[in-house]
Each structure stands twice: as structure tokens, then as C-alpha cells.
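Biologist: Could you take me through one part of this protein slowly, as you would at the bench? I'd like a close look at a buried spot and the strands around there.

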Amino acid sequence: METIYIQYYSSPCGELILGSFDGKLCLCDWVKDERRKLIDRRLQRALNARYEESGSEVVAKAKTQLDEYFSRRRKTFDVPLLPVGTDFQRKVWSELVKIPYGTTVSYADLSRRLGNPRAVRAVAGANGANALSVFIPCHRVVGSDGSLTGYAGGMEAKRYLLDGESV
């Protein structure tokens, strides 16, 4: 069995769990999230790995870049990522990374960008399954009317992230 090296990170808007596997970041997710067990099980099963609380070069780099992001000194990330999910989920997450810092798109916009305007619910589900919050910016997706919609880290965290990017 392989190992996913995890550490915790206290952000200004909530605690995150970071994980690396094979030199890539595979996890940056909110500790207090009802999906936590589902995400953990998906990662561990897909990677045939178990968690071990220990440092890694990738997690250290992720922490540094998160510090810079939260202090408004970083707008993009260059940590190598390992998104673990279905082909459709990875396609959605790949599109999320293209959303520029400081901007938002709706689920309907995202569905159109993916070439399937009717896939709004599927896109929302894939968005919610993202295990690499902040690095894959699912917080930049809002309702069609611009309203803030559900977020794994909670609505306060989503508002904090979007407000921080609008400065």
C-alpha cells in the first residue's frame, strides 16, 4: 500500500487538510466538511494508499503558496496537482483552473464552456467533489443570478475567498 502524506493548514477562513502523493498535491480540502469521509475514501481507494501525518516537499510548497495567496501576494499556483476523480470530474476541474483570479462564473456558464449546457447539475456535483479547494478554485462558481451557492468550506469561507480576490 502507498502513502498519502498529510498535514493540516490553518487558513484565515478555516482549517484545511493537505495531502501529497507521488510528488503531487492530491488534497487541499476543508477539515470541517460533511464530505470529508467520502473524499478521503475516494482518494485512498483510487490511489491504493493510506494517510500518514508527515511532511513532504509538495505539502511544504503548498503551505507557502497558500500563505502568499491569503496575504494577497499570489494569484496563481504552480504546485503540481493530482486531481483524483472520474473523467468528467477532471474535465470540470480542468475548466475551473481557467477561471481567472478575481472573477466568477455560473454553473450554467461552466456547463456551456464544457459543451453541454444541460449538464448544470452534473457540473455542480463535480464542483462539489473537488478535493483540491483553492488550488482548483471551485469557490469562483456562483449561481446564475450571481448569488453565492453552497461551498464545502461554508459560505463564510467562500465569501472570504472571493472578497480577498476582489481587492
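Modeller: Happy to! A polar contact here is a pair of N or O atoms within 3.5 Å; within protein, one must be able to donate a hydrogen and the other to accept it, and residues adjacent in sequence count only if both atoms are side-chain atoms. This is a predicted model, where local features need pLDDT of at least 70 and side-chain atom pairs count only at pLDDT 80 or more, while totals for chains, interfaces and linings use all residues. Residues are numbered from 1 along each chain as its sequence is written, and side-chain values use heavy atoms, with hydrogens and water left out.

Let's start with Asp40, which sits in helix α1, residues 36-47 (helices are DSSP runs of H or I with at least four residues, strands are runs of E with at least two, numbered from the N terminus). Asp40 has a relative accessible area of 15%, so Asp40 is buried (under 20%, against over 50% for exposed and partly exposed in between, with a 1.4 Å probe and protein chains only). Its side chain makes a polar contact with the side chain of Tyr51, at 2.7 Å.

Now to the strands. Strand β4 covers residues 49-53 and pairs in the parallel sense with strand β1, residues 2-11, over 5 bridges (pairing needs at least two DSSP bridges between two strands). In this pairing, Glu2 stands opposite Ala49 of β4. Strand β1 also runs antiparallel to strand β2, residues 14-21, joined by 7 bridges. There, Tyr9 has Leu16 of β2 as its bridge partner, and a hairpin of 2 residues links β1 to β2.
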